[in-house]
Amino acid sequence: IAREHGDGESRLALKELTAGLGSPHHDCRQDGAKIDPAVRASYLFNTTIAGIEDADALLLIGANPRWEAPLVNTRIRKRYCRGNFPIGVIGPNVDLSYKTTYLGEGPATLQELLSGQHSFAKILDKAEKPMVIVGMGALTRPDGAAVLGAARKLAEQTGTVNPTISWNGFNVLHTAAARVGGLELGFVPGKGGKDVAGIIDGAGKGDIGIVYLLGADEIDMSRLGKAFVIYQGHHGDAGANRADVILPGAAYTEKNATYVNVEGRVQRTRLAAFPPGEAREDWKIVRALSERLGKALPYNTLADVRRRLAEVNANFEDSLDAVLPSAWEPFGEDGPMDNAPFVSPIANFYMTDPISRASVTMAQCTETYIKPRTEQTGTHG
């Protein structure tokens, strides 16, 4: 199971190692998001972030961009302040720092829009460049694939995807910083493989004997049963506390690495400091382990790994600091949707990953801003 903020090099190495060992069980979707990498346009922010400013209507489905992607929210607010930008919301009814029209809490409202029974459907129809943003509050549910399919149909019906003017206003907003990179690599179950939920269930039942956590800390560790857990990462979070073996990896500031943002833009970082102590860059750890296991991976240098990345998916070379358009094809599923409301997956804005959970400043923010709110409402993050 790969972490949500991992680099391309380490995930490539781990995927190819597990495949070499005969295991198709690997996944990068810790939250269970029903996203399939088969159709690239189905998981990208297709307008690009700057392209938000070209839109003239917006529908948010199961998304709270103010908490889930503040810089995206800033762009939306910038476009709103120019005027003539109606914004409809299906899901959490929260203050986004600009005026919105609350349409409803869940799939029933989405179905009304699809059938043309809701007035906001006409607003989208009349817009020249309408935009839809689908958040993880809509896609991490058991019916997430059906919700994704319904959102695609709505986008097609309302001209949100318009090849005539080269406009694709269908956007997926990820709460995982490096999710797109994992999908670009196909870090999802192979043929007959188990997803995150299946791996956890299999470990709990004893069907899976070893679980390798590549910095994965967002799962319920108590459900891993008696499985032997290998944790590779940093900051000593939940995975490290459960692990039988810890392999100390490097933080993002301590390695040269490749990432892919929500637009599908490949970006590379340079280390600002060397990893401390026995810690190593993550792909090097996996490469060394592969040799000990008699399944040596065919790369020895960073340049070798990056050549292999480009072989697996040419986007890792062609999309470097660039955005490539993606073909629009059918995706999602046709099926019933649960009437349960869309709920944002983020309960605490200040602590969403191992790095922020280890921060004294973020702990103080949680005590000041989140704890009083949960005590007042009786809810728990």
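## Tyr43 and its surroundings

In this predicted model, Tyr43 touches Ile35, Asp36, Pro37, Val172, His174, Val180, Leu183 and Glu184, when residues up to four places away in sequence are not counted. Tyr43 belongs to the loop between H1 and S1, and its relative accessibility of 2% places it among the buried residues, because buried is taken as under 20% relative accessible area. Between the C-alpha atoms of Tyr43 and Val134 there is a distance of 9.5 Å in space, while their positions lie 91 residues apart in sequence.

## Arg40 and Thr48 in the loop between H1 and S1

Arg40 is placed in the loop between helix H1 (8-20) and strand S1 (57-61), and with a relative accessible area of 12% Arg40 is buried. The residues that Arg40 touches, leaving aside those up to four places away in sequence, are Glu184, Gly264, Asn315, Ser319, Leu324 and Ser326. Glu184 is thus one of the contacts of Arg40, and Glu184 is also one of the contacts of Tyr43.

Thr48 is likewise found in the loop between H1 and S1, where Thr48 has a positive phi of about 70 degrees although it is not a glycine. The relative accessibility of Thr48 is 17%, so Thr48 counts as buried.

## Helix H1 against helix H12

The axes of H1 and helix H12 (residues 302-312) come within 10 Å of each other and cross at roughly 75 degrees. This makes H1 roughly perpendicular to H12, because crossing angles of 65 to 115 degrees are put in that class.

On the side of H1, the contact is made by Gly8, Glu9, Leu12 and Glu16, which meet Leu302, Val305, Arg306, Arg308, Leu309 and Val312 in H12. Sorted by class, the contact of H1 with H12 has 5 nonpolar, 1 polar and 4 charged residues.

## Aromatic pairs

A pair of aromatic rings is described by two quantities, namely the distance of the centres and the angle of the planes. In this model the count comes to 7 aromatic pairs. One of them is formed by Tyr80 and Tyr98, a tilted pair with 6.1 Å from centre to centre and 40 degrees between the planes. Tyr80 lies in helix H3 (residues 70-81) and Tyr98 in the loop between strand S2 (87-90) and strand S3 (101-104), so the pair ties together parts that are 18 residues apart in sequence. Tyr80 is partly exposed, with a relative accessible area of 27%, whereas Tyr98, at 7% relative accessibility, counts as buried.

The rings of Phe170 and Phe331 also form a pair, with centres 5.5 Å apart and planes at 55 degrees, so this pair is tilted. Phe170 lies in strand S7 (residues 170-173) and Phe331 in the loop between helix H13 (315-318) and helix H14 (354-357), so the pair ties together parts that are 161 residues apart in sequence. Phe170 is buried, with a relative accessible area of 0%, and Phe331 is buried with a relative accessible area of 6%. Phe331 has a further partner in Arg152, which lies over the face of the Phe331 ring at 5.8 Å from the ring centre. Elsewhere in the model, Trp67, Phe349, Tyr350 and Tyr369 form one aromatic cluster.

## Ser97 between S2 and S3

Ser97 is placed in the loop between S2 and S3, the loop that also holds Tyr98. Although Ser97 is not a glycine, Ser97 has a positive phi of about 85 degrees. Its relative accessibility is 24%, so Ser97 counts as partly exposed, whereas Tyr98 counts as buried at 7% relative accessibility.

## Val196 in helix H9

Val196 is located in helix H9 (residues 196-205) and, at 5% relative accessibility, counts as buried. Leaving out residues up to four places away in sequence, the contacts of Val196 are Ile1, Asp27, Arg29, Gln30 and Ile219. The C-alpha atoms of Val196 and Gly137 are separated by 18 Å, and these two residues are 59 residues apart along the chain.

Conventions. Residues numbered from 1 in each chain as written. Predicted model: local features only at pLDDT ≥ 70, side-chain atom pairs only at ≥ 80, totals over all residues. Heavy atoms only, no water. Helix = DSSP H or I, 4+ residues; strand = E, 2+ residues; numbered from the N terminus. Buried < 20%, exposed > 50% of the residue type's maximum accessible area, 1.4 Å probe, protein only. Contact = heavy atoms within 4.5 Å. Phe/Tyr/Trp six-rings, centres within 6.5 Å; stacked < 30°, edge-to-face > 60°. Lys NZ or Arg CZ within 6 Å of the ring centre and 35° of its normal. Axes fitted to C-alpha atoms, helices over the stretch in contact; angles between N-to-C directions. Parallel < 35°, antiparallel > 145°, perpendicular 65-115°, else oblique. Nonpolar A, V, L, I, M, F, W, Y, C, P; charged D, E, K, R; others polar.
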